[in-house]
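Welcome, and please open your viewer for a short walk through this protein. Keep the selection tool at hand, since each stop begins with something to pick.

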Amino acid sequence: MSNQKYHSIGIIGFGARGQLLAETVGGEIPEYGRLAAIADIRENLLFRQGVGIYCHDFKIYRDYRELLADDEIDTVIIETYPESHLEITVAAIKAGKAVLCDKPAVSTLEDAAAMYQAVTSMPCAFQMGLNMPCRPVLRKTKELIASGAIGKVFSVRGCCDVGYAFAHDVILRKFAGDPAGLVLGKLTHDADFIQYCLDTYAETVCGFTTNFQHRRHGTGATSDDTAVINGVMNNGVLFSLALTSCGSAYSRKFTFFGEKGELRVDCKTDFVEIITPEGDCKQLKVPACSGGHGGADKYLLSTFLDYVDENTGKAKWPERICSSVMVPLAAMQQGQMVNTGAWYRSIVKN
């Protein structure tokens, strides 16, 4: 591209995720730019080994506003908790920065509506950091569905098993006291991927969530560790999602059922399977990629920076701010039938 730039990147919130993305920039796509600054309220940050290897001479701010006032920074990655995403996103856009805001976009429907209105009402470069559709096998999945490999899709089933060890660690450290923490943090991805693959959005949703086994001694349940969600898409496709936290390993699996058979994919593998109604199975290998989240982080960051360089002045996929969070948040209503589609259309007009 003739209009490619070398970016000075600032990361706001420099925990494990922020540091992993810093390593990705420095170690996998150094031609795109460099980590120029971070902002984090913690005074005694411990850096991952890769940060020391790939990131050098970056400035450290305690207040994100100081980073946004730094004229060297042209691009910002937001890695704070979702409760602060709206405030920081608006401030970054007003400061003239390109913005990649990690998922979940926000923690409430009110903030989702406000963020959507903000990024669509003024010129900006903005994108959500929804990296799961960037995995090679899931990109292949969307390609196959769009090509009609299984014909018209009738239903889809997804299961996210974060595994006991991950759930125990994350809930007790990160999400203690936040009932929606794990459900929103994980199923934002899965709900977004299904809707993105099918080029639609959830019309009605009903779900249940609960905490079975991950809580601190002497206190009640904190973040819910289990969820089941069912619903129908605006285009009539039925869907179900499950979140479990008791398995032996982390896995994310999807099955799409269509008129010509079913498509199965596990995002941790390097192949997609298509099974015909007669039982014939065709396995399609997908080249593996190195790096964070099976190569998804490299693809996410490089395509985001390519989009920034296009200088369109328009947010990329702003509707996914709303669609990605509304399904898991609906599940938190505990068995109520939620008309997500009506809410979505009230915000996203076209």
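Start with the cysteines: the count of disulfides, taken as pairs of cysteine sulfur atoms within 2.5 Å, comes to zero. This is a predicted model, in which local features need pLDDT of at least 70 and side-chain atom pairs count only at pLDDT 80 or more, while totals for chains, interfaces and linings use all residues. Residues are numbered from 1 along each chain as its sequence is written, and side-chain values use heavy atoms, with hydrogens and water left out.

**Two cysteines**

Select C206 and look for a partner. The closest cysteine sulfur, in C159, is 18 Å away from that of C206, too far for a bond. C206 is buried (under 20% relative accessible area, with exposed meaning over 50% and partly exposed in between, using a 1.4 Å probe on protein chains only), at a relative accessible area of 18%.

Now move to C281. Its closest cysteine sulfur belongs to C267 and is 18 Å away, again too far for a bond. C281 is partly exposed, with a relative accessible area of 49%.

**The parallel sheet**

Next, colour the strands. Helices (H or I, at least four residues) and strands (E, at least two) are DSSP runs numbered from the N terminus, and two strands pair if DSSP finds at least two bridges between them. Six strands make an open sheet with parallel pairing, in the order β3-β2-β1-β4-β5-β6. At its edges are β3 (59-61) and β6, each pairing on one side only. Ignoring direction, neighbouring strands here are turned by 25° against each other on average; axes are lines fitted to C-alpha atoms, for helices over the stretch in contact, and angles run from 0 to 180 degrees between N-to-C directions.

Pick β1, residues 7-12. Six of its six residues are buried, so this strand is largely enclosed by the rest of the structure. H7, I9 and I11 point one way from β1, while S8, G10 and I12 point the other way. Six bridges join β1 to β2 (residues 33-39) in the parallel sense; to see the pairing up close, find G10 opposite A37 in β2. Further along the sheet, β4 and β5 run parallel and are joined by four bridges, with T75 standing opposite A98 in β5.

**Around α4**

Which residue should you select in the loop between β4 (75-78) and α4? Choose S84, which sits in that loop and counts as partly exposed at 23% relative accessibility. S84 and A105 are 21 residues apart in sequence, and their C-alpha atoms are 9.6 Å apart in space.

Step into α4 and highlight its buried residues: H85, L86, I88, T89, A92 and I93. They pack against β1, α3, β4, β5 (98-102), α5 (109-120) and β6 (126-129), where contact means heavy atoms within 4.5 Å. Just after α4, G96 takes a positive phi of about 85°.

**The mixed sheet**

Now turn to the other strands. Eight of them form an open sheet with mixed pairing, ordered β8-β9-β10-β7-β11-β12-β13-β14. The edge strands, each pairing on one side only, are β8 (202-210) and β14 (281-285). From one strand to the next, the twist averages 15°.

Helix α6 (residues 136-146) packs on this sheet, touching β7, β11, β12 (261-266), β13 (271-275) and β14, and its direction makes about 165° with that of β12. Helix α10 (residues 319-331) also packs on the sheet, touching β8, β9 (226-233) and β10 (238-244), at about 45° to the direction of β8.

Zoom in on β7 (residues 153-161) and β11 (residues 251-258), which pair in the antiparallel sense over eight bridges. Select G158 and you will find its bridge partner F254 in β11. Then go to β13 and β14, a hairpin with five residues between the strands, where G279 in the turn has a positive phi of about 95°. Five bridges join β13 and β14 in the antiparallel sense, and V272 has L284 in β14 as its bridge partner.
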